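Student: I have a model open in front of me, and I would like to learn how to read its features one after another. Could we begin with the interior and then work outwards?

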Amino acid sequence: MVKITLKDGSIREVENGTTALAFLKSFSNSLAKKALSAKIDGVNSDLMTPLTKDCAVEFMTFDDADGRWALRHSASHVLAQAIKRIYGEKNVQLAIGPAIENGFYYDIDMKKQLGQADLDKIQKEMEKIVKENLPIVRSEVQRADAIKMFEEKGEIYKVMLIKDLPEDALITLYTQGEFTDLCAGPHLVSTGKIKAIKLQNITGAYWRGDAKNKMLQRIYGTAFEKKADLDAYLHMLEEAAKRDHRKLGRELDLFSLHEEGPGFPFFHPNGMIIRNELISYWRAVHRRYGYQEIQTPIILNRRLWEQSGHWEHYKENMYFTKIDGEDYAIKPMNCPGGILIYKTQPHSYRELPLRTAELGLVHRHELSGALHGLMRVRNFTQDDAHIFMLPSQIEEEIQHIIDLFDEVYSTFGLSYHAELSTRPKNSMGTDEVWEKSTAALKSALEHRGLDYAVNEGDGAFYGPKIDFHLTDSLGRTWQCGTIQLDMLMPEKFEMTYTGEDGQKHRPVMVHRVVYGSIERFIGILIEHYAGAFPVWLAPIQVKILPITEKHADYAYALKKKMFDLGLRVEVDNRNEKVGYRMRESQVKKIPYILLVGDKELADNNVSVRKHGEQSTKTMQADEFIKMLQKQIKEKA
RNA sequence: GCUGAUGUAGCUCAAUUGGCAGAGCAGCUGAUUUGUAAUCAGCAGGUUGGAGGUUCAAGUCCUCUCGUCAGCUCCA
């Protein structure tokens, strides 16, 4: 007998070798129906795993990430099996097929280019495989046998995968019906559990994510335990698509993009209002956090970029021009300019940390395929800052920056997660400096108790960084804020400060952005608010609708009063019914609509309807204005 | 940049096998003076992304090219 500790702490005894599933069935049939995988002593495992020693067991259902992961991973195997069935075992080579955040994919290599019609066909076959309810059986094999088996099958990618595993790695196969795949698992007990499948799209993906390798075909799909859940998810995607900032940007007349300047966004008057509000908020916050603002030129001489290392490390992304026969570069970053300002005068340790901020317009040549609305563009304004400090101030200063980030993001109700990026391949400096910098960032994160993922090799060429990621309407995350620690630029530019000892010392530098790029941040906000901006950001804050011509004078008088108070207000006096004008104001997501007719005119009232609400409230015009001003001030 | 898809009026979309480019909304004009998501009528709007080619005839077929979309790669 072995002793099994359950999640609730209770302990049960069971005969040695009983499978996790049989064990579960012995005390809970209902959970046994729902369970998809098990966690045995913290290790994700199949339900068919025999329990052979005292251990702790947790059962995972679709409500647990691990349970979902198992179901979707099994779905990816069903996908591969269906493709093999339809197009022939030999015509398809399988690469990798993992579960991902909201679904799964499988990368395959085959001559025939698949299209939408093929997806439908494959999905039907997958549904058939689900109906067949094939048991999914795990087996362990010797490395040599596995290589031989996959070589015989012509599965060259699987062979490469196995050869890359450590010599002593346990190699497992999963078999369902006639189909066997190399896989670490865990998987479901049988294919019948995958009740709802939807293949979504087919795209290209490089083998191992390397552009030098062959491009494979990647089929994305998602799978759920119940049809209703799948439908709800697909509906959610449709709703999210309605919030797409590119669509709303056009509908709300915020910005546009043109063939004449791919990746160079044009801001319309409405978009500029949002932009300027963001900037003035930004200035207020930075003033409070002790920053000074500067501005540096967009085009600077080649020599500067050679000195900074950009010429060597960042050339691919830069644009160039010639002035009077000399090479100049259009700045892709603001730091070298900021450094020149620092060097215009001697600095004392007493001034440090010296925080200089700059709204800098940078240009970067991004790959054409990477451009995406405002989220990924070729010119953007970084809300940059360069902080020069004593090495002993690093940790505290980073905490100070994180405080600022937290304040800004919470003003917008945005949630974020942090990632630490370490030394990349094409970088400057010694290992020692990199280790020191990375350790400083790590310790700042840890002291703060901020969870973070690590991106090995993803740092800037001059230093490691902490990135802050925000999420768009489709759940994709975008890097916005970043804090980059830099011990190399100060070296390259021979920057100094005079220490307490009267000697020259090297300052440490931090590059950081909160919004990241104003453009991207606006894109995030459009999706976050679904275009219905809070009043302080809304391009038009109030729309006044006079019921008839008779009420127009009152409406315009109200407008003038509000306009003079700095509010953004318009009167819609068009010769249309109230319903028509009301609808348009709602569609344009204007925060407040004021209706004025005979009733309101009599008592100096306004009838207030808030965006998205059906009900209206009648109040004194002055009372409304006060309420509005308060909301704007509080950024409510 | 790569793989695939795609491009028709300001927007959303039609246009049989190649056979006269069309609708709704938006815009303009007129009527209507309206009480909380679309009043009625009329008018105007296009070198079908661009350049070649095949054909008696091209939105439709072919080649090239540009943009866009999805993903990969890359990044704020």
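**Reading the model from the core outwards**

Tutor: Of the 84 residues that make up the largest nonpolar core, Leu441, Phe521, Ile544 and Leu594 touch the most other members. Please keep in mind throughout that this is a predicted model.

Student: What is the general idea behind looking for such a core, and which helix gives the largest share of this one?

Tutor: In soluble globular proteins, nonpolar side chains tend to be buried together. Here the largest share of the core comes from helix H13 (residues 394-411), which gives seven residues. Both domain 3 (255-296 + 332-528) and domain 4 (542-634) give residues to this core, so the core lies between them.

Student: Which residues does Leu441 touch, leaving aside those up to four places away in sequence?

Tutor: With those neighbours left out, Leu441 touches Ile398, Leu420, Pro464, Ile466 and Leu485. Apart from this core lies another, of 52 residues, with Leu36, Val92, Val189 and Ile194 among them.

Student: How is chain A divided into domains?

Tutor: The domain assignment of chain A gives domain 1 (2-61), domain 2 (66-236), domain 3 (255-296 + 332-528) and domain 4 (542-634), so that domain 3 is written as two segments. Taken over C-alpha atoms, the centres of domain 3 and domain 4 are separated by 41 Å.

Student: Where does UniProt place the feature "binding site"?

Tutor: The UniProt record, an unreviewed entry, places this feature at Cys335, His386 and His511. These residues span 177 residues in sequence, yet no two of their C-alpha atoms are more than 7.5 Å apart, so they gather at one spot.

Student: Is Cys335 buried or exposed, and what does Cys335 touch?

Tutor: The way to read burial is to count the other C-beta atoms within 10 Å, where 20 or more make a residue buried. Cys335 has 23 of these neighbours and is therefore buried, and its place is in helix H12 (residues 335-342). Not counting residues up to four places away in sequence, Cys335 touches Ser308, His386, Met489 and His511, and two of these, His386 and His511, are also named by the record.

Student: Where is His386 found, and is His386 buried or exposed?

Tutor: His386 is found in strand E23 (residues 379-389), and with 25 other C-beta atoms within 10 Å this residue is buried. With residues up to four places away in sequence again left out, His386 touches Cys335, Gly338, Thr356, Met509 and His511.

Student: Where does Met487 lie, and is Met487 buried or exposed?

Tutor: Met487 lies in the loop between strand E27 (477-486) and helix H15 (489-492), and because 22 C-beta neighbours lie inside 10 Å, Met487 counts as buried. Leaving aside its neighbours within four places in sequence, Met487 is in contact with Val433, Ser437, Gly463 and Val508. Met487 and Val510 are 23 residues apart along the chain, with 8.4 Å between their C-alpha atoms.

Student: How many residues surround RNA strand B, and which helix gives the most to the surface near the strand?

Tutor: RNA strand B is surrounded by 61 residues, of which the closest are Gly209, Gly369, Gly516, Arg583 and Gly597. Helix H18 (residues 578-587) gives the most to this surface, with seven residues. By residue class, the surface near RNA strand B divides into 20 nonpolar, 22 polar and 19 charged residues.

Student: Which backbone features deserve a careful reading, and why would they stand out at all?

Tutor: Most residues other than glycine have a negative phi, and most peptide bonds are trans, which is why departures from either pattern stand out. In this model a cis peptide bond, with omega about 0 degrees, joins Gly185 and Pro186, and Pro186 is found in the loop between strand E13 (179-182) and strand E14 (196-206). A cis peptide bond, also with omega about 0 degrees, joins Leu352 and Pro353, and Pro353 is found in the loop between H12 and strand E22 (354-363).

Student: Where does Lys589 lie, and what is its phi?

Tutor: Lys589 lies in the loop between H18 and strand E33 (592-596), and its phi is near 60 degrees, a positive value in a residue other than glycine. With 19 C-beta neighbours inside 10 Å, Lys589 counts as partly exposed.

How values were computed:
Residues are numbered from 1 along each chain as its sequence is written. Chains are lettered from A and ligands numbered from 1 in the order in which they are written. This is a predicted model: local features need pLDDT of at least 70, side-chain atom pairs count only at pLDDT 80 or more; totals for chains, interfaces and linings use all residues. UniProt positions are given in the numbering used here, feature names are shortened, and annotations may be inferred rather than shown by experiment. Helices (H or I, at least four residues) and strands (E, at least two) are DSSP runs, numbered from the N terminus. A residue is buried if 20 or more other C-beta atoms lie within 10 Å of its own, exposed if 12 or fewer, and partly exposed in between; C-beta atoms are placed from the backbone. Two residues are in contact if their C-beta atoms, placed from the backbone, lie within 7 Å. A residue is near a molecule or strand if its C-beta atom, placed from the backbone, lies within 6 Å of it. Ala, Val, Leu, Ile, Met, Phe, Trp, Tyr, Cys and Pro count as nonpolar, Asp, Glu, Lys and Arg as charged, and the others, Gly among them, as polar. Domain bounds come from an automatic or database domain assignment. A nonpolar core is a set of buried Ala, Val, Leu, Ile, Met, Phe, Trp, Tyr and Cys residues joined through C-beta atoms within 7 Å.
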